[in-house]
Amino acid sequence: RYDPVYVQMMDRCYGAYLRLYLPEGARLVEASRHPIPAAAMWDGQPWTGFPVEEVPEQAHTVLAQAFLLPTASAGASAPSGSHVTLHFVYELPAGVLQEEPGGVFHYHLDLQKQAGLDAVPVDISLHLPSNAVLSESQPQPTSQQDGVLVYRFDLREDSSLSVRYRVPEGDE
């Protein structure tokens, strides 16, 4: 329900806003949407949730989405450790990979933790070109299968992901 005093609503929900900064020209393929139940809306009508906004900003494409993290509903507490999983699939523009001597390609991703938050769980799936041979990865992937590197960790501080690979001569 909508309360005229904001503090009264804070016990029921936590509105959050996520922004992903991608290289200019990145293209959103798909993203999750997070419906908001009628009980959390001021007009009592359920809502399909915020769509992802694509916003150009300096040398970046920014994907932004607001969502609601329930903390309590209808007088009952939400489960301890409530969470929402946001899912984004995007394609990077040409030129993001740096080619190094010897036909080695380098991909680098910076991850910045929002100040004031505890550890933020992160899952990254990086799809390498077919027949790519991994040369180096920092950190090491949690798992690797069929050219897909999977990284799962808690982001406790700003971090980065660095991957070097090569594609054998004659392969695409």
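The following dialogue goes through a predicted model, one feature at a time.

Biologist: Before we turn to single residues, how many helices and strands are there in the protein chain?

Modeller: The protein chain has one helix and 14 strands. Among its contacts between residues at least 6 apart in sequence, 66% join residues at least 24 apart, and 27% of its 172 residues count as buried.

Biologist: Which residues of the largest nonpolar core touch the most other members?

Modeller: The general idea is that nonpolar side chains tend to be buried together in soluble globular proteins. Here the largest nonpolar core has 14 residues, and those touching the most other members are Leu109, Leu111, Ile124, Leu149, Tyr151, Leu161 and Val163. Two or more residues of this core come from each of strand S9 (104-111), strand S10 (120-127), strand S13 (148-155) and strand S14 (159-166). Another core, of six residues, lies apart from it and includes Leu22, Ala26, Leu28 and Leu63.

Biologist: Taking one member of the largest core, what does leucine 149 touch, if we do not count residues up to four places away in sequence?

Modeller: On that count, leucine 149 touches Ile124, Ser125, Leu126, Leu128, Leu134, Pro141, Ser143, Gln144 and Val163.

Biologist: Why is the pair of phenylalanine 105 and tyrosine 165 called stacked?

Modeller: For ring pairs, planes under 30 degrees apart count as stacked. The structure holds one aromatic pair, and because the planes of phenylalanine 105 and tyrosine 165 stand at 25°, with ring centres 5.7 Å apart, this pair is stacked. Phenylalanine 105 belongs to strand S9 and tyrosine 165 to strand S14, so that the pair links distant parts of the chain, 60 residues apart.

Biologist: Are these two rings' residues, phenylalanine 105 and tyrosine 165, buried or exposed?

Modeller: The cut-off for buried is under 20% relative accessible area. Tyrosine 165, with 4%, is therefore buried, whereas phenylalanine 105, at 22% relative accessibility, counts as partly exposed.

Biologist: Turning to charge, which side chain of opposite charge is nearest to lysine 113, and how far away is it?

Modeller: A salt bridge would need a side-chain nitrogen within 4 Å of a carboxyl oxygen. Lysine 113, found in the loop between S9 and S10, is buried yet has no salt bridge, the nearest side chain of opposite charge being that of aspartate 118, 6.8 Å away. Not counting residues up to four places away in sequence, lysine 113 touches Asp118, Val120, Leu155, Arg156, Glu157 and Asp158.

Biologist: What does the accessible surface of the protein chain come to?

Modeller: That surface comes to about 11,800 Å², and 52% of it belongs to carbon and sulfur atoms.

Key:
Residues are numbered from 1 along each chain as its sequence is written. This is a predicted model: local features need pLDDT of at least 70, side-chain atom pairs count only at pLDDT 80 or more; totals for chains, interfaces and linings use all residues. Side-chain values use heavy atoms; hydrogens and water are left out. A nonpolar core is a set of buried Ala, Val, Leu, Ile, Met, Phe, Trp, Tyr and Cys residues joined through side-chain atoms within 4.5 Å. Buried means under 20% relative accessible area, exposed over 50%, partly exposed in between (1.4 Å probe, protein chains only). Helices (H or I, at least four residues) and strands (E, at least two) are DSSP runs, numbered from the N terminus. Contact means heavy atoms within 4.5 Å. Rings of Phe, Tyr and Trp (its six-membered ring) pair if their centres lie within 6.5 Å; planes under 30 degrees apart count as stacked, over 60 as edge-to-face and the rest as tilted. Lys and Arg count as positive and Asp and Glu as negative; His and the chain ends are not counted. Accessible areas come from the Shrake-Rupley method with a 1.4 Å probe; for residues, only the protein chains shown count as cover.
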